[in-house]
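The following exercises practise the reading of a protein model. Each task is followed by a solution in steps.

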Amino acid sequence: MPTVRESALNNVVREILQKAGSDEQEAAIVAEHLVRSNLCGHDSHGVGMIPAYIEHIAAGVLKPNMPAKLVKDDSNILIFDGQLGYGQRTASEAMSQTISRCKEKGVALMTLRNAHHIGRVGAYGEQSINAGLESLHFVNVIGHKPVVLPHGGRDGRYSTNPLCVAIPGTEKTDAILLDMATSRMAMGKVRVAMEAGKTLDDHLVVDPDGNPTNDPSVMFNDPLGALFPFGEYKGYGIALVCELLGGVLAGGGTCLPKTQTIGGIINNMLAVVIDPKRLVEQDWMRRELDEMVRYVKASPPHDPDMPVMVAGDPERESFLKRQKEGVPLSPGAWEKILLAAERVGIPRSRVTSLIE
Ligand SMILES: NC(=O)c1ccc[n+]([C@@H]2O[C@H](COP(=O)([O-])OP(=O)(O)OC[C@H]3O[C@@H](n4cnc5c(N)ncnc54)[C@H](O)[C@@H]3O)[C@@H](O)[C@H]2O)c1
């Protein structure tokens, strides 16, 4: 299994993206996002997405060098169209403008429609955190067949609709970054398991007949299996809310049969950015956060080797480890990256030389 250093992986990804049509700046933004996802432990949203992106460019459903287009500027509401450009670029551009508006107005609401895959939604929460702001993100996914069961159903009706809530930390406490698919397992994690030749744990997927299985390939065959929603009917409810807030209010549409054949992975997002200074006294807020997180973490662990964490902790832990040791990639995932590189005209010997 190759383990690749952050900077080498970044070089590989930038070179592939530039060969696939992106200018230097766009390639750098997308590469940074993908590699950071791997560093954070989310291989599902890291460099393993490259083969799909190359495929989507060829199919015309991902368009390099497309900025986020501001469709409407309405006081503290900003409406963007991602124009099928790289979502990592368009969503971060839309967030930057929304953050500036929030600083002016105290709260800003942003919608982004027609973005190609925006990747790890936590990246946009981190933009808010870095600006000292809080944010909520509701996202849906269209363009392909639905992959998640509604609670009680036997086939997919929507996708892994991620939800993210970002809350800055204090001098004593790290930021809280809740960033999650609303399926029990993110689709990309099923791909990562399949590439590594692993079976899945129980109760994550069903086969095309609606029967539970441990075989990840059911999510890549025709007819298609489906993923369970997290949290039974409550998780299903949150997923549906992401579908309706992300898909309808952002204007990009929902996962109905008419959007399932567009191709690619298209995300629509509704985000609300809040300046906490406009709501509560800051010293009190920070003390409250410090005390609450300390209180929660002081719960005696069920397993002494696994102390209580808060959202954002696993990613921070992975980041430090992988920044030091490199990013492990399964032979299956690496081979697909080499094939994607070859497809855009970069010989595998060149890619291999970049990671040595
Ligand atoms: N763009 C898209 O269409 C799309 C779709 C689905 C998911 N995603 C992304 O996939 C990524 C992975 O999602 P996921 O659901 O697999 O994440 P996950 O299940 O690994 O983690 C979900 C959340 O739980 C927290 N967490 C994990 N273990 C914890 C513990 N023991 N104690 C406390 N908190 C804990 C994490 O910090 C994170 O905030 C996310 O970045 C998400 O944005 C993107």
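**Exercise 1. Determine how many disulfides the model contains, and examine Cys 40 and Cys 102.**

Solution. A disulfide is a covalent bond between the sulfur atoms of two cysteines. Here it is counted as a pair of cysteine sulfur atoms within 2.5 Å. By this rule, the count is zero disulfides.

Step 1: Cys 40 takes part in no disulfide, and its nearest cysteine sulfur, that of Cys 164, is 12 Å away. Cys 40 is buried, with a relative accessible area of 5%; buried means under 20% relative accessible area, exposed over 50%, and partly exposed in between, with a 1.4 Å probe and protein chains only.

Step 2: for Cys 102, the closest cysteine sulfur is that of Cys 164, at 15 Å, which is too far for a bond. Cys 102 is also buried, at 0% relative accessibility.

The model is predicted: local features need pLDDT of at least 70, side-chain atom pairs count only at pLDDT 80 or more, and totals for chains, interfaces and linings use all residues. Residues are numbered from 1 along each chain as its sequence is written, and side-chain values use heavy atoms, with hydrogens and water left out.

**Exercise 2. Describe the overall build of the protein chain.**

Solution. Step 1: the protein chain has 11 helices and 12 strands. These are DSSP runs numbered from the N terminus, helices being H or I with at least four residues and strands E with at least two.

Step 2: the radius of gyration, taken over C-alpha atoms, is compared with the globule rule, 2.2 Å times the number of residues to the power 0.38. The value is 20 Å, close to the 21 Å that the rule gives for 356 residues, so the protein chain is as compact as a globular protein of that length.

Step 3: of the 356 residues, 51% count as buried.

**Exercise 3. Identify the buried residues of helix H3 and what covers them.**

Solution. Step 1: helix H3 spans residues 50-58, and Ile 50, Pro 51, Tyr 53, Ile 54, His 56 and Ile 57 are buried in it.

Step 2: the cover of these residues includes helices H1 (6-19), H2 (24-39), H4 (87-105) and H10 (331-343), together with strand S4 (107-116). Contact means heavy atoms within 4.5 Å.

Step 3: just after H3, Gly 60 adopts a positive phi of about 80 degrees.

**Exercise 4. Describe the surroundings of Thr 111.**

Solution. Step 1: Thr 111 belongs to strand S4 and is buried, with a relative accessible area of 5%.

Step 2: leaving aside neighbours within four places in sequence, Thr 111 is in contact with residues including Leu 78, Phe 80, Leu 249 and Met 269.
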